[in-house]
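Please report on the burial, packing and charge pairing in this model. Keep it brief.

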Amino acid sequence: MLALVKITYNVTPLTDVVLPSPSSKVLKYLILSGKLFPSLANLVKSRDKQKPLFISNLGYGDVRLISDGGEVIKVKANSRLKATLSFPFLDGIQNEITEGIYETPYGNFSFLLDSIEIIDIKSLKNVDDYQNANMYVKFLTPTLLSSKVLLPPSLASKYKQVNSGFSLLPSIGLIIAYAYRDYYAILGNTNGEEYASRAFKLGVLINAFTKIVGFNLRPKTVIIGRDSKNRLRETRGTVGWIEFDVVHDKFKRLAIKYLLIASYLGLGRSRGIGLGEIKFELKRRKE
């Protein structure tokens, strides 16, 4: 069965706690320690840049608890938080769905199951009633997208050592190229020149056929841990929203399919620690 699983937990700290940044480390610790979904431990440890896994930060609704280097993240006892985890469907994974009270280095937390969603990948090929709609993407956490993804494969090795950082004003083609990478990561096919060539061509064509309707994008810095010398590590990505249309039917359908996947797996780098979390929806145009 080719499908994605999204698990949502209600998370409650039993005492006042100071959360790590990113706060996804709480859920990540429970997976690596075998207390939740032990079958995912190897996927969490994988160094693959495009692994099909998303671990959210803790949060209140759409507000994620992450630090920009200012104040620490303090949460009162019995606060009602949520956390989500998305990954490809694995045989027997239903036997690993548990809940309870867990001890972590960051405090003791109650994890209660809120919802389980199983998304059949094949069903995403048939997206109906999209002609009179724009696409709306909201970046809930800083999203790390490198414009080098849109380099022609023939030039990739030549400029391999160039560090261009992350795009703080990403094009729609760049967004869709990363969503495409999510889709093919589920299929296990993210290497090779043919794959890179298709991602490049898709990004260029989407840019050519895109009409921007509106946006409110801004850069945001986030703390992602400490280095070997105990210095804070930080990165900078995009948050906000963008609304757009792709004015070519074939490429619009592809963009919708890939963004639906990205709404579960996130976009860009560091999705395994909750960065690049997005919400995606179709917005009906006013007549």
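Glu 277 is buried, at 8% relative accessibility. Buried means under 20% relative accessible area, exposed means over 50%, and partly exposed lies in between (1.4 Å probe, protein chains only). Glu 277 forms a salt bridge with Arg 64. That term requires a side-chain nitrogen of Lys or Arg within 4 Å of a carboxyl oxygen of Asp or Glu. The pair links distant parts of the chain, 213 residues apart: Glu 277 sits in the loop between H6 and E13, Arg 64 in strand E5 (residues 63–64). Arg 64 is buried too, with a relative accessible area of 16%.

The model is predicted: local features need pLDDT of at least 70, side-chain atom pairs count only at pLDDT 80 or more, and totals for chains, interfaces and linings use all residues. Residues are numbered from 1 along each chain as its sequence is written, and side-chain values use heavy atoms, with hydrogens and water left out. Helices (H or I, at least four residues) and strands (E, at least two) are DSSP runs, numbered from the N terminus.

**Salt bridges**

The whole structure holds 6 salt bridges. The table includes three of them.

| Acid | Base | Closest N and O atoms |
|---|---|---|
| Glu 277 | Arg 64 | 2.7 Å |
| Asp 114 | Lys 82 | 3.1 Å |
| Asp 245 | Lys 252 | 2.8 Å |

Asp 114 lies in strand E9 and Lys 82 in strand E7, so this bridge ties together parts 32 residues apart in sequence. Asp 114 is partly exposed at 39% relative accessibility. Lys 82 is partly exposed at 36%. Asp 245, in contrast, is buried at 6%, and Lys 252 is buried at 3%.

**Nonpolar cores**

A nonpolar core is a set of buried Ala, Val, Leu, Ile, Met, Phe, Trp, Tyr and Cys residues joined through side-chain atoms within 4.5 Å. The largest has 42 residues, of which Ile 176, Leu 259 and Leu 267 touch the most other members. Two or more residues come from each of strand E10 (133–143), helix H4 (172–186), helix H5 (193–208), strand E12 (232–246), helix H6 (249–265) and strand E13 (278–284). H4 gives the most, with 11 residues. Leaving aside residues up to four places away in sequence, Leu 259 touches Met 135, Val 137, Ile 175, Ile 176, Ala 179, Phe 244, Ile 278 and Phe 280. Contact here means heavy atoms within 4.5 Å. Another core, of 28 residues, lies apart from this one; Leu 19, Leu 36, Phe 37 and Val 75 are among its members.

**Helix H1**

Val 26, Leu 27, Leu 30 and Ile 31 are buried in H1. Seen down the helix axis, the buried residues of H1 fall within an arc of 135 degrees, so they line one face. The arc is taken from the directions from the helix axis to the C-beta atoms. These residues pack against E2, H2, strand E3 (54–55), E7, strand E8 (100–104) and strand E9 (107–120). Gly 34 follows H1, with a positive phi near 80 degrees.

**Backbone details**

The peptide bond from Ser 21 to Pro 22 is cis, with omega near 0 degrees. Pro 22 is in the loop between strand E2 (17–19) and helix H1 (25–32). Phe 37 is not a glycine, yet has a positive phi of about 45 degrees. Its loop joins H1 and helix H2 (41–45), and Phe 37 is buried at 1% relative accessibility. Asn 78 also has a positive phi, near 70 degrees. Asn 78 is exposed, with a relative accessible area of 56%.
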